[in-house]
Amino acid sequence: MKQKQRTSGKRLQQEIVENYRKLRRRNRFLSLILVVILVISGLGLYNLLATDGYGNKKATYDQQLTTLRQDRADILDGKKATNNQSFKTTLNNNLANLKEYPQKADNYQVAIDGTDSRLTINKNNIFVSDNAGMLSQKTKRKIFQLNKQLAASTNGAQLEVVTVPELPRGEDIESYANAIFNQLGIGDKTENNGVLYLIALDDREFRLEVGYGLEGLIPDGKADDIINNDDVVDAFKDEDYDTGVNQVLDEVFAIMNTKTALVDSQIKNVESQRTQLVFLHWAAMVGLILLVFISVLVVSNLFRARAALKRNYKNYQSETAAVTEEEDLLQISKQTELYNILLSGLLIGLSAGAVQRAIAQGRLLQNPAAEKKMFGRILIGDTLYGGNGEILTTAYLASNYNSSNWSDNDKGSGGGSSWGSFGGGSSGGGGASGGW
């Protein structure tokens with residue numbers, strides 16, 4: 001403030017005018033950015049409203065759902081078969097011993113690509129690879145029988161169980177399960193309707209890997225619920241592996257063993273895609289409308305602020321035009337609204353109201369005792385003024401506007417306190433806690 005008082009009239013005039021021009025440039029630049037945003041959002045909104053992209057996609061999903069639901073009804077009514085000749089040929093060629101459970105094993109080794117592990121596969125019961133020796137013969141027989149039923153009632157769905165003593169070096173349970181699943185080719189090649197249950201004994205981990213074709217019926221959340229069921233986890237902790245594995249098998253098989261499993265999964269996938277499409281469309285619509293509204297509002301306010309600044313500039317020019325003496329120019333300049341705006345430190349002026357508040361603050365800041373506070377407030381003596389110049393309190397030091405009054409008890413007083421602070425009580429530790 002003292003430095004500004006020593007400034008000459010012409011020098012102060014240059015400072016006031018330059019500050020005005022900076023405000024105008026900032027206002028214009030922000031307005032331009034918002035206009036560009038307004039145009040882009042407006043075009044996006046027009047595109048959503050005027051084109052049939054959304055309607056066509058939604059109609060496509062609706063048609064797919066209608067077709068799939070009709071397929072499901074036809075399958076249940078026996079009008080449409082789920083098995084095809086290709087699958088029957090594959091079944092006869094690769095699973096010749098499927099009719100009866102094989103008593104004798106015919107093992108061979110499979111090296112899993114990208115890892116240092118090998119799995120032992122029984123050609124006579126390819127659905128179990130119990131490398132960790134965790135499962136009983138009864139459970140292995142059950143897995144065989146479950147797959148036999150799947151072969152009869154589905155289009156190539158398969159349920160594979162693999163146990164290993166430990167995970168290979170550098171592999172986690174997810175990556176290893178994915179590698180096994182894709183190398184063995186579990187489930188029908190076209191339908192992708194296989195499920196792998198992988199158990200790593202020493203690592204105490206397991207995973208349910210689901211083929212693409214069944215992800216609609218067994219999404220990640222459902223798979224997690226199945227294998228991390230409390231009863232399953234407790235059975236594994238008790239080393240009762242057969243009980244835990246059988247519970248998982250029963251739940252997964254119940255989902256897979258239906259004539260409509262594949263079409264049900266397809267229906268869920270299409271429904272999910274349709275729901276996502278509708279949500280994204282309306283979210284984009286609402287977002288663009290809000291963006292257009294906010295942009296129009298802010299640009300309008302910026303134009304009003306620019307007009308207010310221009311009026312103040314014209315007033316300043318008329319008030320200083322005839323002044324020749326620097327001392328007079330200095331005094332007159334300090335009485336103008338543009339000078340008050342300079343003192344306030346206004347950066348842009350988002351609205352005409354913001355410009356008026358800056359003028360009010362500038363008037364107060366001309367007082368040598370003025371001190372800036374948060375939120376545009378100004379303190380002069382013991383009187384605190386708001387951002388628009390109104391008096392908030394005439395006793396600032398004793399008021400709650402003064403942050404030093406917010407925690408009187410921190411000063412060690414065990415007696416009274418001001419409003420908004422705690423009373424200094426203590427506790428002997430009574431109460432309650434919870435846990436599991």
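Which residue follows α12, and is its phi positive or negative? Point 6 gives the answer.

1. **Overall make-up.** This is a predicted model. The protein chain holds 13 helices and 10 strands. Of its 436 residues, 39% count as buried. The accessible surface comes to about 25,500 Å². Carbon and sulfur atoms account for 51% of that surface. Take the contacts in the chain between residues at least 6 apart in sequence: 62% of them join residues at least 24 apart.

2. **Strand β5.** β5 covers residues 194–200, and 7 of its 7 residues are buried. The strand is therefore largely enclosed by the rest of the structure. Both faces are covered. On one side sit G194, L196, L198 and A200. On the other sit V195, Y197 and I199.

3. **Neighbours of β5.** Two pairings are worth checking here. β4, residues 158–164, runs parallel to β5, and 7 bridges join them. Within this pair, T163 stands opposite I199. Between β4 and β5 the chain passes through helix α6, residues 173–184, and the resulting β-α-β crossover is right-handed. The pairing of β5 with β6, residues 205–210, is antiparallel and runs over 6 bridges. There, A200 has E205 as its bridge partner.

4. **Two hairpins.** β5 and β6 form a hairpin with 4 residues between them. R204 lies in the loop between these strands. Its phi is near 55°, a positive value in a residue other than glycine. R204 counts as exposed, because its relative accessibility is 69% and the cut-off for exposed is over 50%. The other hairpin joins β1 and β2, with 6 residues between them. β1 covers residues 107–111 and β2 covers residues 118–122. These strands pair in the antiparallel sense over 5 bridges. A111 stands opposite R118 in β2. In the turn, G114 has a positive phi of about 85°.

5. **E239.** This is another residue to look at for backbone geometry. Phi of E239 is near 60°, again a positive value in a residue other than glycine. E239 lies in the loop between α8 (230–237) and α9 (241–256). Its relative accessible area is 59%, so E239 is exposed.

6. **Helix α12.** G345 follows α12, and its phi is positive, near 80°. The helix itself covers residues 337–344. Of its 8 residues, 7 are buried, so the helix is largely enclosed by the rest of the structure. The buried residues are L338, Y339, N340, I341, L342, L343 and S344.

7. **Helix α5.** Does the span of α5 agree or disagree with its residue count? α5 has 17 residues, 137–153. At 1.5 Å a residue, the helix should span 24 Å. The end C-alpha atoms are 25 Å apart, which agrees. The buried residues in α5 are T139, K140, I143, F144, L146, N147, L150, A151 and S153. An α-helix has 3.6 residues a turn, so residues three or four places apart point the same way. Among the buried positions of α5 are I143, N147 and L150, which can be read with that spacing in mind.

8. **T383.** T383 is found in strand β9, residues 383–385. With a relative accessible area of 17%, T383 is buried; the cut-off is under 20%. Leaving out residues up to four places away in sequence, T383 touches I378, I391, T393 and T394.

9. **UniProt regions against the model.** An unreviewed UniProt entry lists residues 29–49 and 279–303 under "transmembrane region". Over residues 29–49 the model is 100% helix and 0% strand. The end C-alpha atoms of that stretch are 30 Å apart. Residues 279–303 are likewise 100% helix and 0% strand. Here the end C-alpha atoms are 36 Å apart. The unreviewed entry also gives a "coiled-coil region" for residues 299–326. Over that range the chain is 82% helix and 0% strand. Its end C-alpha atoms are 39 Å apart.

How values were computed. Residues numbered from 1 in each chain as written. Predicted model: local features only at pLDDT ≥ 70, side-chain atom pairs only at ≥ 80, totals over all residues. Heavy atoms only, no water. Buried < 20%, exposed > 50% of the residue type's maximum accessible area, 1.4 Å probe, protein only. Pairing = 2+ DSSP bridges. Right-handed = clockwise from strand over helix to strand, strands pointing away. Contact = heavy atoms within 4.5 Å. Expected span 1.5 Å × (residues − 1). UniProt positions renumbered as here; feature names shortened; annotations may be inferred. Areas by Shrake-Rupley, 256 points an atom, 1.4 Å probe, with all protein chains shown as cover.
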